[in-house]
Amino acid sequence: MLDYGTLKIIWWLLVGVLLVGFAIMDGHDMGVGTLLPYVGRSDLERRVVINTVGPHWDGNQVWFITAGGALFAAWPVVYATAFSGFYWAMMLVLWALFFRPVGFDYRSKIHHPLWRSVWDWGLFVGGAVPPLVFGIAFGNLLQGVPFHFDQYLVSTYTGSFWQLLNPFALLSGVVSSAMLTMQGGAYLAHRTEGQLQTRAIRAGVLAAVLLCLSFAAAGVWLQSIAGYRITSVIDTAALPDVLGKTVVRVAGAWMDNYARQPMLWLLPALGLGGALLAALLLVQRRTLPAFVLSSLALVGVIGTAGASMFPFVLPSSAMPNASLTVWDSVSSHLSLAIMLWATLIFMPLVIAYTAWAYRVMRGKVTTAHIARHEHTLY
């Protein structure tokens, strides 16, 4: 059996893999929903857009559910503290996501312009709101979340929903929204043709440019934000003790890992380079390589955030030594080991099934196809 310290690192990586998987797979569904009002100019065109993701969106949402479950199982203290602190933000995400299943299922039940328009905007909300909120949440993580623990290790959040909407967090929301819109534009360009494809390419390129500008601006801004640094000795294999460390806040501390491991600079380079190359390939209408490069850009952006914060997972601005880290907020050794075996068995099955589903349903979705299957498609 792997030692406790190694399992902690493995689960930090696995949670990151699940977040990346969610961003790539469910992210392009959300990006397509965000682009729906712009790309689809008629009812038939909007049905084409919807049916590019219709067979896959609920399967792709497994990545989101699994990431939440892994967070609960691997980092229970993080799960409890984050969901209490970000309660209203998470409720906003859940209410936005409610529009997706009902929007897909009910939109084409009635052939009436107002009915379909309402559900189209519902699908837009379900696609556009979650990425924005997730980005805002990450922006607040990098600034520290106002929570503390009492003597019984009960956490108390002292902030408010409106405090989450600060300038840096909103910029992070732009990064997240642009990232998934680019992903949706690349996917939509690959699955459509004609004017729909042209509009998807234009939107994907604009989103890629916005991602590069906002991501670079956030990186420059981050260097002046007070980051977190552990100054006490850490026993990585010890049992969790969230208050058993000393933490200081220092401007530029989020750059510490890059100074120690210069290879980490490849992550932001991948984020910027992947987005720029994806935009270039979209202009050339090489849509499949563009989608691959867009996905790699997501890996770079999310990896940059994770590498900057490591080993912190949920920093506290109100009580820095209560900040939750990879070392002191995890489940037991046995729990992590059992979950690792379950992951090694079931994750390849999920990937294999997803690959099979996309292979079977590959190809362009056209207006002629929708017209021929008027009563059997979304």
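1. A residue counts as buried when its relative accessible area is under 20%. Trp254 has a relative accessibility of 1%, so Trp254 is buried. Please keep in mind, as you read on, that this is a predicted model.

2. Let us stay with Trp254 and look at its ring partner. Trp254 and Phe312 make an edge-to-face aromatic pair, with 6.0 Å between the centres and 80° between the planes. Trp254 sits in the loop between strand 4 and helix 9 (256-260), while Phe312 belongs to strand 5 (residues 312-314), so the pair ties together parts that are 58 residues apart in sequence. Phe312 is buried because its relative accessible area is 4%.

3. A word on how to read such pairs may help. Two aromatic rings are described by how far apart their centres are and by the angle of their planes. The count for this model comes to 23 aromatic pairs. One of them is stacked: the rings of Trp57 and Phe104 have their centres 5.0 Å apart and an angle of 10° between their planes. This pair links distant parts of the chain, with Trp57 in helix 3 (residues 57-74) and Phe104 in helix 5 (residues 87-106), 47 residues apart. Trp57 is buried at a relative accessible area of 7%, and Phe104 counts as buried at 7% relative accessibility.

4. Rings can also be joined into a group. Trp12, Phe310 and Trp327 are linked by ring pairs into a cluster. Phe310 is worth remembering, as it comes back in the point on the pocket.

5. Next come the salt bridges, of which the count is eight. In one of them, Arg116 pairs with Asp43, and the closest N and O atoms are 2.7 Å apart. Arg116 is in helix 6 (residues 113-143) and Asp43 is in helix 2 (residues 43-53), so this salt bridge ties together parts that are 73 residues apart in sequence. How buried or exposed are the two partners? Arg116 counts as buried, at 4% relative accessibility, whereas Asp43 is partly exposed, with a relative accessible area of 24%.

6. Helix 6 and helix 2 are also linked by another pair. The side chains of Asp120 and Arg46 meet in a salt bridge, at 2.9 Å from N to O. Asp120 lies in helix 6 and Arg46 in helix 2, and the two are 74 residues apart. Asp120 is buried, as its relative accessible area is 6%. Stepping back, a network of salt bridges links Asp43, Arg46, Arg107, Arg116 and Asp120.

7. Which parts of the chain does the salt bridge between Lys245 and Asp328 link? First the distance: these side chains meet at 2.7 Å, N to O. Lys245 lies in the loop between strand 3 (226-230) and strand 4 (247-251), and Asp328 lies in the loop between strand 6 (324-325) and helix 12 (333-360), so far along that 83 residues separate them. Lys245 counts as buried at 6% relative accessibility, and Asp328 counts as buried at 6% too.

8. Charges can also be found over rings in this model. The charged end of Lys8 sits over the ring of Tyr4, 4.4 Å from the ring centre. Likewise, the charged end of Arg41 sits over the ring of Tyr38, here at 5.2 Å from the centre.

9. For a look inside helix 1 (residues 4-39), try Phe22. Phe22 counts as buried, at 8% relative accessibility. Leaving aside neighbours within four places in sequence, Phe22 is in contact with Gly27, Met30, Trp63, Phe64 and Phe134. By contrast, Val233 is 211 residues from Phe22 in sequence, and their C-alpha atoms are 35 Å apart in space.

10. Finally, do have a look at the second largest pocket, which has a volume of about 380 Å³. Its lining is made up of 20 residues, and Asp256, Asn257, Arg260, Phe310 and Pro311 are the ones nearest its centre. Strand 3, helix 9 and helix 11 (287-309) are the elements that give two or more residues to this lining. Phe310, one of the residues nearest the pocket centre, is the ring that clusters with Trp12 and Trp327.

Note on methods. Residues numbered from 1 in each chain as written. Predicted model: local features only at pLDDT ≥ 70, side-chain atom pairs only at ≥ 80, totals over all residues. Heavy atoms only, no water. Helix = DSSP H or I, 4+ residues; strand = E, 2+ residues; numbered from the N terminus. Buried < 20%, exposed > 50% of the residue type's maximum accessible area, 1.4 Å probe, protein only. Contact = heavy atoms within 4.5 Å. Salt bridge = Lys/Arg side-chain N within 4 Å of Asp/Glu carboxyl O. Phe/Tyr/Trp six-rings, centres within 6.5 Å; stacked < 30°, edge-to-face > 60°. Lys NZ or Arg CZ within 6 Å of the ring centre and 35° of its normal. 1 Å grid on protein atoms, 1.4 Å probe; cavity = no way out; pocket = protein on both sides within 12 Å on 5 of 7 lines; lining within 4 Å. Points joined across faces, edges and corners; volume = space filled by probe spheres on them.
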